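Subject: A structure for you to explore

Hi there,

Here is the structure I promised to pass on to you. Have a look around, and then read on for my notes on what turned up.

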Amino acid sequence: MTQQEQHEFRERLAEALSWMQAIQEKLKENDNTQGPRSALEVRLRETEKIHSSEPEGHVKMDRMLVASEALLRNGDEEMKNQTLSKLKDIKALWEETLTYIIHCHSRIEWVWLHWCEYLKAHEEFGMWIEKMHRSLEPLLEMQLGLQEKLWQVDHLRVLHSDIQSQAEFLKRLLDEAAALFNRTEDPSVDEKAQQGLQDAYNHIQERAQERLTLAQKIAEEHQQYQSFIDKFQSWLMSKTEEVSRFSDMEDTTENRLKALQELDASIAKEEQTLQHIENLSEAVKANTSPAGAEKITKEMEELRQAWQRLRQLLVEIHGELQRSLDSESEYSNRCKELWADLEQLRTLVQKLRSDLESRDGERTEEHMVAQWKTHTGVRNKLFAEEPRVEQLKSRLKELFRFPQDSKSLSDEMLAVVKEYQSVKGRSFRLSSESEMALRQILQDPLYGFIQWSQVVSQVLEASAEVTDFSQIALLVQHIEKLLKNSVQLQERLSLLQVKSDLLSSVFGQEKADDLFQELSGDVRKRELLHSNLLERKNHLQVPRQQQFKILLLYIPEFIALKSFSRLFRVHNVCVYLCVYVLVILQMKVNESEENIAEHESFHDNILNMEKWLMIMRQKLESFCGSNGEWSIDNRQHEAERALGEFPEKELQLHQTEARGQTVLARTSDEGKVHIQQDLKRLRETWMSLHTLSLNLYRLEVVMLAVVVGSHSTCDSICVLCVLQANSGLSFLYRVCRVALPLQLLLLALLLLAFLLPMMDEGTSCSLSNNFARSFNIMLRYDGPPPT
């Protein structure tokens, strides 16, 4: 039985060895990339057959391995060792054969794919060359007019640019041909073939340059003709306007007729220029299409007719001058009356302007009240003059029907009305500002109490469980400061309680009643918080004094240890220990002071921001009437200034939030809750105020739309961009925050799409070389063929 198993194993071994030797012989015969494409294709088919015969080799190896198992199971040790040695050799040969199959087929397939993609690119380039030939071969087509000629120049410039851009593609194509020639030595990709591609491209490039130069010359000739036409037409228009103004000249009729004759002589001289343009038009028509030449002929006829009409207008102007003499007397009388009324209005406006002049220096409450009454009185007087101003405008409008020039009177009217509107707007703004400032002064004690009460509440909460010596000391100092502020607040609130008449006149009776009610509550609340502060101060001072006494007890021993160590340097460690304890204690105190200072700074920022938000809300709400309608009539400057504060305050908001995060990192969990609530309340208040400001911004845009319709468009758009920048910062910030996750999601999807082809783990040589199927990628590939 052993002899039969050995015989069978030898036969299976010989079969597998014979198959692998035959395969390697075939691979050696086909492992070559040189020669024509047809020969390369034959070798590719042979390597594909060899690759497809790999399962046959697997079968022979499996049969040999099955036969070896019997010997390994039943044979003696010597037989097992021999069998294992042969198995090791045959397996090594099998791995070598498989690697050779894959590498040989991969190399040939890579060159084959390389060549196929080159032929596709070569065909594409040839089709492009043929297309360029068809585009550039016909004669240059005559165009209708200058615009069409310029379009033709642009088209030829784009075509020339396209040809220039193909140079990079041609370079890559020639490099690819050279690389293929180095691998295959096939004449279809030799230097002669490469030079043929280069010559064809050079011919196309030269032809495109010639056509572009010719088209530019024709367009420049037409541009010169058009320039003469435009200048002559502009001259005709200016002279026509000059002639039309003769009836309104402030001079005697005889002098105006003399000037008219001089103008007629100067116009007659320009007939030579017109003849030169007619000669130039003949040369332009030679390079223009028939329809365009006909249009040029018609244009020249219209130009001569316009010149003749101008000559006729000079004749007609004589009659108009005569008719204008009759209306001069009536016009003069009306003008004198209107001048006098305008001067009277100007005097009144200047007097009221002087009443508005600010009196710097004093900022007392009495001064603010007097200033508010003055501004309000001026505003009421100016509003009473509104019908008179409208009557003056109507009288000026009646004078416009006279042929005389009313520019000086119109300018005077415009100046007076502008001054009136300026003083009226200023009075409205100043009265509003003085009323707002007066309101702020009257409400300052309430604002101060709100800030003081918030600080007191936080100090009381923070000092509830403080045991550290340094923190207790700082808290007691802070409480003493708050107690002093409490006494000052009591005086200010008491003074405010006796100003009922002033509050009613400034705020109105209903608002004043609400303020008095709020004031009474604040007075009671201040007394309660003052008592709580005194109680907390007394409570904190007890453990402070105790700890201080304990430290005083240890000071003599520290001094004794220090003196003792000087006498006995062996015990210097005691000195170091004392110094270390004192340094650590001082570091703790400094750290606590820094944390408290940073917390106080953050809290001050919170209070300043909240105060600004409260004041700004009142400013914005002042633009909203009792009926809920928003209006900025005569208060545009005030509205722009209010909206202009938002970008700077938004930056301060971000800085405050960043400082809040730093404070949070150095605060206990119990204290973090209050800080987070403050930040949340500040952010919500900001968003609410920003939403309220959008109403004002909308009115600004509407006003700018009116300005755009009646003034310079560019200047009105110098203002719209500024408003958009001021009000759109926070919106742009939120858009960017939303866009960032979307961009990250898009990048993740692109990465997934890139990785999908790499998830196939097959062993096909075609899949191994799939990147070579793209010509653009293959042209950029630099290195040996992949295996």
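Let me begin with a definition: a residue is called buried when its relative accessible area is under 20%, exposed when it is over 50%, and partly exposed in between. Take D514 as a test case: its relative accessibility is 43%, so it counts as partly exposed. D514 sits in helix α15, which covers residues 509-567. On the surface, D514 joins E510, D513 and E518 in a patch of negative charge.

Please keep in mind that this is a predicted model.

**The overall picture**

How many helices and strands does the protein chain have? There are 24 helices and zero strands. The chain has 787 residues, and 35% of them are buried. About 47100 Å² of the protein chain is exposed, with carbon and sulfur atoms supplying 55% of that area.

**The nonpolar cores**

A general idea helps here: in soluble globular proteins, nonpolar side chains tend to be buried together. In this model, the largest nonpolar core holds 47 residues, and the members that touch the most others are Y118, F125 and I163. Six names are worth finding on your screen, since they each give two or more residues to this core: α1 (2-30), α2 (37-52), α3 (54-74), α4 (77-136), α5 (146-184) and α6 (191-244). Which of these elements gives the most? That is α4, with 20 residues. Another core lies apart from this one; it has 26 residues, including M609, L653, L679 and L692.

**Two spots in loops**

Next, go to the loop between α5 and α6, where you will find E185. E185 is not a glycine, yet its phi is positive, at about 55 degrees. Is E185 buried or exposed? Its relative accessibility is 51%, so E185 counts as exposed.

The following loop to visit is the one between α6 and α7 (253-269), which contains D248. With a relative accessible area of 31%, D248 is partly exposed. Now try locating Q404 as well: D248 and Q404 are 156 residues apart in sequence, but their C-alpha atoms are 5.1 Å apart in space.

**Salt bridges**

Another general point before the details: side chains of opposite charge can pair when their charged atoms come close. The count for this model comes to 30 salt bridges. Here are a few to look up.

- E386 and K424 form a salt bridge, and their closest N and O atoms are 3.1 Å apart. This pair links distant parts of the chain, with E386 in helix α11 (residues 386-399) and K424 in helix α12 (residues 407-462), 38 residues apart. E386 has 22% relative accessibility, so it counts as partly exposed. K424, at 6% relative accessibility, counts as buried.
- D411 and K407 form another salt bridge, with 3.0 Å between the closest N and O atoms. Both residues belong to helix α12, where they are four residues apart, or about one turn of the helix. At 37% relative accessibility, D411 counts as partly exposed.
- E610 and R681 bring their side chains together in a salt bridge of 2.7 Å, N to O. E610 is in helix α16 (residues 572-621) and R681 is in helix α19 (residues 669-710), so this pair ties together parts that are 71 residues apart in sequence. Why is E610 called buried? Because its relative accessibility is 12%, and buried means under 20%. R681 has a relative accessible area of 32% and is partly exposed.

Salt bridges can also be traced through a group of residues here: R346, R353, E412 and E419 are linked in a network of them.

**Where to start**

If you would like a first exercise, colour E510, D513, D514 and E518 and look for the patch of negative charge on the surface. After that, find Y118, F125 and I163 in the largest nonpolar core. For a last stop, trace the salt bridge from E610 to R681.

Happy exploring, and do write back with any questions!

Best wishes

Conventions
Residues are numbered from 1 along each chain as its sequence is written. This is a predicted model: local features need pLDDT of at least 70, side-chain atom pairs count only at pLDDT 80 or more; totals for chains, interfaces and linings use all residues. Side-chain values use heavy atoms; hydrogens and water are left out. Patches are made of residues with over 30% relative accessible area and no salt bridge: like charges are joined within 9 Å, nonpolar side chains (Val, Leu, Ile, Met, Phe, Trp, Tyr) within 5 Å. Accessible areas come from the Shrake-Rupley method with a 1.4 Å probe; for residues, only the protein chains shown count as cover. A salt bridge is a side-chain nitrogen of Lys or Arg within 4 Å of a carboxyl oxygen of Asp or Glu. Lys and Arg count as positive and Asp and Glu as negative; His and the chain ends are not counted. The place of a charge is taken as NZ of Lys, CZ of Arg, CG of Asp or CD of Glu. Buried means under 20% relative accessible area, exposed over 50%, partly exposed in between (1.4 Å probe, protein chains only). A nonpolar core is a set of buried Ala, Val, Leu, Ile, Met, Phe, Trp, Tyr and Cys residues joined through side-chain atoms within 4.5 Å.
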